[in-house]
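Q: Could you take one helix of this model and look at it closely, saying which way its residues face and what lies around it? Please explain each term as it comes up, and then go on to the aromatic rings.

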Amino acid sequence: MDLAQLSERLRNYITKVAGLVDGYIYARVHGEPEELYNAALHLIRAGGKRLRPVIVVATAEALGEEAEKALPFAVAVELVHNFTLVHDDIMDRDEFRRGVPTVHKLWGEPLAITAGDLLYAKAFEALTDARDKGVPAERVARAVRVLARASSIIAEGQAMDMMFEEEEYVDIEDYLKMIYKKTGALFEASAVLGGLVATDDENILSSLASYGKSLGIAFQIRDDILGIMGKEEELGKPVGSDIREGKKTLPILYALGRLEGEAREKLEKVLGNRDAGREEIEEAARLIKESGAIEYAEELARRYSEQALAALKVLPESEYREMLEELARFAVSRTR
């Protein structure tokens with residue numbers, strides 16, 4: 001995340017929440033064998049946006065609770081997020097993330113899979129810590145269900161994403177369903193968990209779910225745009241990997257629906273070709289841009305961002321609501 005794009009207030013808040021979350025994680029995720037725990041913590045130590053924990057804590061504070069009370073839920077969503085990253089990198093054969101070698105690249109696939117499993121287990125341990133912070137048992141139990149359901153939905157989304165690679169045609173509606181499952185579901189859970197720290201009001205929780213879902217979809221569409229338009233040194237991972245892996249992202253789907261003749265043939269030839277050279281990838285990216293796919297994707301992401309903003313009206317006006325609103329705007333303008 002390029003913090004320079006954010007207001008000073010939100011930058012400071014993100015730094016504060018990240019420090020609290022990281023400290024909590026390092027205190028909880030330790031043990032033997034040391035190599036397993038080093039692998040599990042590798043991507044967390046490498047940095048990251050901590051966007052989901054920020055949503056948890058800011059939502060709780062917008063509803064009048066202290067940040068400390070929200071920490072167990074914030075830590076849980078960050079651990080689940082990192083679990084998905086470790087496993088995604090194995091499936092996508094990515095060698096770098098956050099500017100460092102991926103876990104499986106350093107420790108091998110078997111230990112990387114085990115490290116991801118460890119993070120997932122630790123997430124649910126962290127959830128139960130909320131009882132010690134004063135969150136009522138019934139709301140902690142509901143939080144467990146919310147995060148478990150989100151984890152199941154994420155698995156469905158990952159499976160859809162992989163299956164799309166083998167399909168010749170994917171409908172944009174199916175794509176949007178997939179990115180809700182793969183990305184939006186954990187943003188949705190983050191906002192709801194933040195709400196559960198403070199309340200069991202169904203109207204508030206439903207609106208928070210809408211905020212998180214819309215924000216997550218906007219965020220993923222922006223990710224897909226950056227996968228075509230981004231700069232490798234800013235992203236910390238190879239640009240063009242979506243093209244090389246044959247992923248059916250929104251810009252790629254749009255381009256396939258608009259390009260004809262030789263241009264379409266050129267793009268199809270590179271899609272899914274893991275041996276494609278840099279020049280071929282750059283040519284494919286140029287064709288995608290020329291189809292109007294980037295403008296289309298940016299407009300759709302903006303619409304989801306506006307839906308997220310509308311859902312926040314359920315919260316009382318406060319600096320925390322304003323920061324959640326800023327995140328919704330930032331999700332569609334970020335450069336990394």
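A: What follows begins with one helix and then turns to the aromatic rings.

This is a predicted model, in which local features need pLDDT of at least 70 and side-chain atom pairs count only at pLDDT 80 or more, while totals for chains, interfaces and linings use all residues. Residues are numbered from 1 along each chain as its sequence is written, and side-chain values use heavy atoms, with hydrogens and water left out.

The helix chosen is α14, which covers residues 278-290; helices here are DSSP runs (H or I, at least four residues), numbered from the N terminus. Helix α14 has 13 residues and reaches 18 Å from its first C-alpha to its last, close to the 18 Å expected at 1.5 Å a residue, where the expected span is 1.5 Å times one less than the number of residues. The buried residues of α14 are I281, A284, A285, L287 and I288. Seen down the axis of α14, these buried residues fall within an arc of 160°, so they line one face of the helix; the arc is that of the directions from the helix axis to the C-beta atoms. Buried means under 20% relative accessible area, exposed over 50%, and partly exposed in between, with a 1.4 Å probe and protein chains only. The face of α14 turned away from the buried side carries the exposed residues R278, E279 and E290. Among the elements that cover the buried residues of α14 are α9 (202-229), α13 (261-270) and α15 (293-311), contact being heavy atoms within 4.5 Å. Just after α14, G292 takes a positive phi of about 90°.

Turning to the rings, a search of the whole structure finds five aromatic pairs. Rings of Phe, Tyr and Trp (its six-membered ring) pair if their centres lie within 6.5 Å, and planes under 30 degrees apart count as stacked, over 60 as edge-to-face and the rest as tilted. One of these pairs, Y13 with Y320, is tilted, at 5.9 Å centre to centre and 55° between the planes. Because Y13 lies in helix α1 (residues 8-28) and Y320 in helix α16 (residues 319-330), this pair ties together parts that are 307 residues apart in sequence. Y13 is buried, with a relative accessible area of 6%, and Y320 is buried too, at 19%. Y120 and F124 form an edge-to-face pair, 5.1 Å centre to centre with 70° between the planes, and both lie in helix α6 (residues 109-128), four residues apart, about one turn of the helix.

Terms used:
Helix = DSSP H or I, 4+ residues; strand = E, 2+ residues; numbered from the N terminus.
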